[in-house]
Amino acid sequence: MVSLILILLTSLFFMGVVIRTKSIASGRKGPGLFQPMKDILRLWKKGSVYSRTTTFIFRIAPTIYFSSVLMAIFMVPHGNNPGLISFSGDFVMFAYILATGKFLSIISALDTGSSFEGMGASREALFSMLVEPAFFILLGSLALFTGHTSFISIFTTLHYESNISYMLGALATFVFVLIAMIENSRMPVDDPKTHLELTMVHEVMILDNSGFDLGTILYTTNLKFAMYGAIISNFFIGALPLEISIPLFFIVQIGFGIAVGIIESFMARFRMAHNPQFILILTSVSMLIFFGVLMVLGRFV
Amino acid sequence: MEKLFVEIFNLLAIAAIFSFPFLKTKGRGILTLGVISIQVVISSIVALTVFAKGEAQYFYPGSWITGEIPIRIDSLSAWFMLIISFTFLTGAWYGFQYLKKYKNQSANIALHAIAFILVYTALIDICIIQNGFAFLVIWEIMALSSFIVIIFEHYKTDTLKAGINFLIQSHVCILFLTLAFMWVKIKTGSFDFLAITAYTSSQPAVTGIGLFLMFFIGFAIKAGFVPFHTWLPLAHPAAPAHISGIMSGVIIKIGIYGMLRMLLLIKTDMTTIGYFIVTISVITGVYGVMLAIVQHNLKKLLAYHSIENIGIIGIGIGLGCLGVGYGIPVLIICGFGGALLHTLNHSLFKSLLFYSAGNVYQAIHTMDIESMGGLLKRMPRSGYLFLIGSLAICGLPPFNGFVSEFFIYTGLFSALLSNHFLFTLFILFAIFGLVLIGGLALMCFTKAFGIVFLGTPRKKFDEGMVEEKPMKIFPMYLVAMAIVLIGILPLIFMPSIQQIVQLYQPGSAAFTSGQLKSILDILSSVGWYSLGFIVLVATLYYIRHLITAKREVAADSTWGCGYTGDAAKMQYTASSFVRTYRKLAGPFLMIKKEKREACGLYPGHINQVTHPHDKVETWFIEKPLLSIRKLLSRFVFLQNGNIQAYILYGLIFIGLVILLPMIIDNISGFFYLLNRL
């Protein structure tokens with residue numbers, strides 16, 4: 001419950017932090033922290049235009065996408081406070097629920113019959129397929145490290161002992177930051193700033209969404225960022241009491257937002273054709289973590 | 001009682017077939033439907049009694065060739081009987097409607113119906129007979145009658161070719177099974193399945209592994225493990241839709257049944273077998289889905305997905321074997337349990353997908369994905385049912401595919417925590433494989449559903465709604481309901497699965513009730529959370545509806561960056577959707593591309609066509625066949641069309657047959673003489 005409230009709170013200003021960082025980095029003052037949320041609120045009040053090609057799938061997909069992320073957030077714990085849903089193997093359901101939302105968002109893009117949106121759908125399907133193994137191997141290594149298979153017990157028993165285990169924590173954070181960037185179609189993989197359809201992934205999939213649905217999709221992106229931020233924060237919180245962990249949570253989230261902003265400001269987008277290689281690197285980093293864990297546990301023969 | 005029921009079951013089939021000459025086409029159809037329905041009821045009663053009361057067995061005296069024929073119905077047989085029966089029930093109902101379009105081909109339909117009844121009867125009998133010889137005879141009946149049901153449209157060359165391919169490969173399968181049964185018969189003098197146990201437990205482990213490999217190859221051809229899968233992608237598109245559904249749903253599963261049966265009987269080093277099965281299954285799963293993505297024929301795509309799902313089932317089976325080998329109870333229940341549940345689940349969603357594909361085929365008379373599009377508006381019921389099937393086959397919650405995959409994942413992650421270095425690495429490999437399969441399946445089915453049912457048509461077909469008769473859709477609803485039901489209540493079949501898993505459990509690896517309960521609790525909570533997800537979506541959609549009900553809604557054309565002409569041709573096609581993937585996976589695939597580019601001042605018609613090929617098929621089937629053919633072409637002079645020459649060959653053959661034993665006798669007499677000297 002704690003984590004749900006915290007994530008919902010973070011989702012209100014997270015994008016604001018990113019945009020503010022980017023503005024400052026490019027020498028502008030930038031909009032207020034809550035401006036992105038105000039934009040979404042305005043969209044929620046608007047009417048919509050639907051393409052004549054679309055079917056019911058196009059109308060329900062944003063809701064399912066939003067629900068899938070919300071459902072996934074239910075599973076994220078905060079320190080030693082479990083999420084609403086917690087059972088052994090919950091991270092498998094976490095990944096698969098998110099995949100359900102993704103499935104629907106991809107087919108809703110294909111529903112419009114637009115050439116641009118098909119392009120985005122194709123890329124989204126490929127990239128999310130490539131990023132999946134990294135997530136599972138990382139969680140597998142953490143399960144191996146701690147001997148547990150649910151988010152809450154992994155994070156509460158995760159404690160660093162030797163130098164190597166600190167390195168593992170750092171690598172895991174790195175992997176999660178990049179997973180978050182890829183899943184949200186941000187900078188090194190996709191550039192949401194350029195409004196050129198040919199180079200976009202997620203943005204191009206929602207070209208035909210408008211009004212309430214568009215607002216929902218944009219808000220879901222914020223939620224997703226906050227969710228990954230919450231998972232990252234769990235690497236640092238451990239079993240600390242709430243009065244320390246909650247400020248720490250926000251510090252991590254804001255730090256994460258600033259990091260995203262800085263990456264976006266100082267990095268160029270990769271060529272589309274190079275993205276698969278880049279994403280596969282994450283899997284190999286996760287493998288490194290796995291072998292590191294084996295080494296720490298002394299199971300390396 | 002079981003004996004009586006099984007006899008009635010078989011007699012019904014025979015009686016139905018003999019009454020065929022006295023009926024007209026419509027009567028034959030109704031008779032087939034009626035007989036299959038009654039048979040389904042009977043076999044389900046038998047299966048359920050077995051689950052309730054435990055194993056049943058009785059004996060037929062048999063003849064001097066076969067020896068005593070034992071009929072043993074244990075929970076494993078009962079499980080497969082239930083799966084087969086349900087799919088045949090929906091398949092018969094759907095097929096009855098499907099074949100109405102062909103009602104002027106009276107003789108063809110009659111043959112089809114006879115073979116259909118035979119396939120079903122033979123499949124059920126295979127599950128219960130435990131005598132090697134009788135097993136092979138029934139297996140042969142099953143293979144031949146499935147050949148006949150596949151080549152329903154035998155006037156098409158492709159269909160006949162695919163059918164003959166199937167026929168040959170299923171006989172290679174029978175060859176291996178025959179060799180394996182003969183091996184045991186020669187060593188023990190009995191065809192009884194129990195002789196296998198007696199024989200392998202008295203021999204060193206290597207013998208058992210050798211015998212298992214022999215059975216494995218035989219059953220793997222039927223089940224479609226890579227590299228023995230090549231008949232599947234050819235036979236499925238050739239068969240009519242209800243047969244494809246049944247074939248993918250249950251006929252290939254009989255191979256899985258055989259494997260599970262042999263794992264029960266053969267006593268050997270289960271660890272080695274486990275490693276072997278998991279390795280080949282991961283390869284099967286990944287290879288199957290990798291090729292599925294690039295297919296342009298909807299049914300072929302689904303056929304490759306059957307291979308993928310066989311891989312997932314195999315991972316479960318292998319995991320269970322590893323559990324038996326290492327004595328880890330959690331692995332046994334998660335591995336075998338997951339495999340059994342996935343067998344059921346796959347039979348459900350795959351038959352649903354094939355039935356929907358059949359409706360598409362009857363609406364537009366093609367299976368080429370590239371020419372489809374926008375079908376959801378014309379045939380909404382089939383479309384949404386296909387969507388349910390797609391979500392389920394990708395293993396996404398809240399449908400049944402997720403439950404069985406989650407079951408296997410639970411096993412894998414608990415195996416990861418073991419102390420063996422190599423074992424841990426190996427499990428990581430399996431997890432990697434399963435995750436990759438999941439991701440690729442998602443890509444494949446977004447393509448299949450998105451391109452076929454969404455967007456606008458890529459070629460001109462008749463406009464207007466396609467008639468979807470309620471009687472044709474009804475069996476599909478039944479399957480869809482089962483899919484959702486298992487997704488939400490995964491535990492409804494758990495007692496049965498538990499009974500089967502107990503068969504595999506050696507005394508040393510019995511699990512405590514606490515362990516079992518924790519796994520069951522997790523599974524049931526997964527089901528409830530899936531239901532929660534459905535409720536969440538429904539609530540949020542209702543809220544959205546309340547908010548947006550009074551808003552202004554306009555309809556317009558799709559945003560085309562200023563272009564307002566006909567955008568149908570500008571849509572992403574099936575091959576462009578997977579283009580990046582195709583480039584990435586290039587080394588594993590074999591894709592021939594034909595391209596005609598625009599050139600000159602007035603460029604003419606441009607097009608690009610891709611033809612995906614199967615590399616394994618080229619290496620294992622086509623190339624060896626080609627070299628055999630080259631060798632044999634040297635002897636083509638023997639086939640000169642001269643009748644006198646043929647009579648001479650016959651005489652030479654008969655002479656040799658008679659003379660050979662005599663010559664051998666003489667030679668051995670000669671050697672005997674030499675020895676005496």
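Reader: Which helix of chain A has the lowest mean pLDDT, and which the highest?

Author: pLDDT is the predictor's confidence in each residue, from 0 to 100. Where it is low, the predicted coordinates should not be read in detail. In this predicted model, local features need pLDDT of at least 70, side-chain atom pairs count only at pLDDT 80 or more, and totals for chains, interfaces and linings use all residues. Residues are numbered from 1 along each chain as its sequence is written, with chains lettered from A and ligands numbered from 1 in the order in which they are written. Helices (H or I, at least four residues) and strands (E, at least two) are DSSP runs, numbered from the N terminus. Among the elements of chain A, α8 (residues 202-205) has the lowest mean, 84, and α3 (residues 56-74) the highest, 95. The mean pLDDT of chain A is 89.

Reader: How many residues of chain B are in contact with chain A?

Author: Two residues are in contact if their C-beta atoms, placed from the backbone, lie within 7 Å. Here 64 residues of chain B are in contact with 62 of chain A. To the side of chain B that touches chain A, α18(B) gives the most, with 15 residues.

Reader: Which strand of chain A is joined to β3(B)?

Author: Two strands pair if DSSP finds at least two bridges between them. Strand β1 (residues 48-51) of chain A is joined to β3(B) by 4 bridges, and the two run parallel. The bridge partner of Ser51(A) in β3(B) is Asp556(B).

Reader: Which residues does Met227(A) touch?

Author: Not counting residues up to four places away in sequence, Met227(A) touches Ile7(A), Val69(A), Ala72(A), Ile73(A) and Val76(A).
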